[in-house]
Amino acid sequence: MKILVTGGLGFIGSNFILKLLQKENGFEIINVDAKLFGSNPHNLDEIKNSGRYEFVSGNITNKNLMNELISKCDSVVNFAAETFVDRSIKDANPFLVSNIRGAFTLMDITTKQNKRFVQVSTDEVFGSLESTTAMEDSKFNPSSPYAATKAAAELLANSYSITYDSDIVITRCSNNFGPRQFPEKLIPKIIILAEQNKKIPIYGNGKNIRDWIFVEDHCEAVLASLLKGKSGQSYNIAANNEIDNISIVTKILEIMNKSQDLIEFVEDRPGHDQRYSMSSAKISKELGWKMQTEFEDGLEKTISWYMENPQIWKNLDSNIFGSTPWKVSN
Ligand SMILES: NC(=O)c1ccc[n+]([C@@H]2O[C@H](COP(=O)([O-])OP(=O)(O)OC[C@H]3O[C@@H](n4cnc5c(N)ncnc54)[C@H](O)[C@@H]3O)[C@@H](O)[C@H]2O)c1
């Protein structure tokens, strides 16, 4: 099976590609990525000479290029997106382009070429939930421009399933962590700042709750959805591991043997959702997916990876580690 993976130089896409190439099924991959902010070409250094892997530099909004690449593949998994909520607050336009126009370009071509399309989405489409847990058919209520663009892509995908009977599956995952995540995101940022004994900014009171999943478990769920997911269906992927930010930073500092005094509470992000929560009962029951990695084990693997790969983060612009990224001017 030959798969076009989009956004494969990013965090989850690169982990997905590495996982697929380790499997015995003989998957072949074309990875198309526009090398935008947050991507890292070194994420896939170890497979660059693999005969089953090809990298193409390009944008998913490029219709001609996508037509050509999709014609060489059996299916498409769309990870490509602008993903940092804070940057979507500063300027939403690139998010509309990649996350809506890009997803549209891919689903339109896969429909015409009769190929399966997996749209990788997020729990953020459901917005903040006080005490309930979202099921697949729960109401969308996105708070950030990022989440709104992901919800928009889902609505388009849904309309394509209904109108054209397109072979589309949507996966919706909670917060990922693990190796290869760009250091602007919470967990790598904490690890890298802690390693340097620098202050760690925590938004607001640190009580915001996310459901944290190890990236490899998410990748297995996306693969199960690609191979066995029912056309026109969506699958929530959750870890049943709801934790607030302050508990995460405390745990990482404990594992790294660093002082809790490094924590610094800073101004809260506008529209900061209080809690996300989803049930993954459907994907477990219908596709047999199960979480494999305990949170602490995943955290330890993640910390070790960042300690063993300082070249990934040593020379990054200090703004990336700033306390209010949505205000940064470049
Ligand atoms: N990280 C999470 O916790 C999480 C949770 C749920 C869902 N998701 C979704 O998973 C996907 C991957 O997230 P991630 O954390 O790996 O993101 P990331 O920012 O690490 O990687 C995204 C990649 O997409 C590429 N890209 C962006 N726009 C593109 C375009 N127009 N054309 C080609 N390439 C483009 C970037 O260059 C980058 O390499 C996204 O769709 C995101 O919405 C992420």
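In this predicted model, an N or O atom in the side chain of Ser 98 sits 2.9 Å from a nitrogen atom of the ligand, a polar contact in the sense of a pair of N or O atoms within 3.5 Å. Residues are numbered from 1 along each chain as its sequence is written, and side-chain values rest on heavy atoms, with hydrogens and water left out. Local features need pLDDT of at least 70 and side-chain atom pairs count only at pLDDT 80 or more, while totals for chains, interfaces and linings use all residues.

Two further contacts turn up. Ile 60 puts a backbone N or O atom 3.0 Å from a nitrogen atom of the ligand, and Lys 150 has a polar side-chain atom 2.7 Å from an oxygen atom of the ligand. The ligand on its own exposes 830 Å², of which the protein buries 96% (Shrake-Rupley method, 1.4 Å probe).

As for the shell, 27 residues surround the ligand, and Ile 12, Asp 33, Thr 83, Tyr 146 and Lys 150 come nearest (near being a heavy atom within 4 Å). Two or more residues each come from helix 1 (11–22), strand 5 (116–122), helix 5 (145–164) and strand 7 (175–177); strand 5 gives the largest share, 3 residues. These elements are DSSP runs numbered from the N terminus, helices being H or I of at least four residues and strands E of at least two.

Turning to the annotation, an unreviewed UniProt entry lists residues 4–302 as "domain: NAD(P)-binding", and such annotations may be inferred rather than shown by experiment. That span is 39% helix and 18% strand, with its end C-alpha atoms 27 Å apart.

Methods: A polar contact is a pair of N or O atoms within 3.5 Å; within protein, one must be able to donate a hydrogen and the other to accept it, and residues adjacent in sequence count only if both atoms are side-chain atoms.
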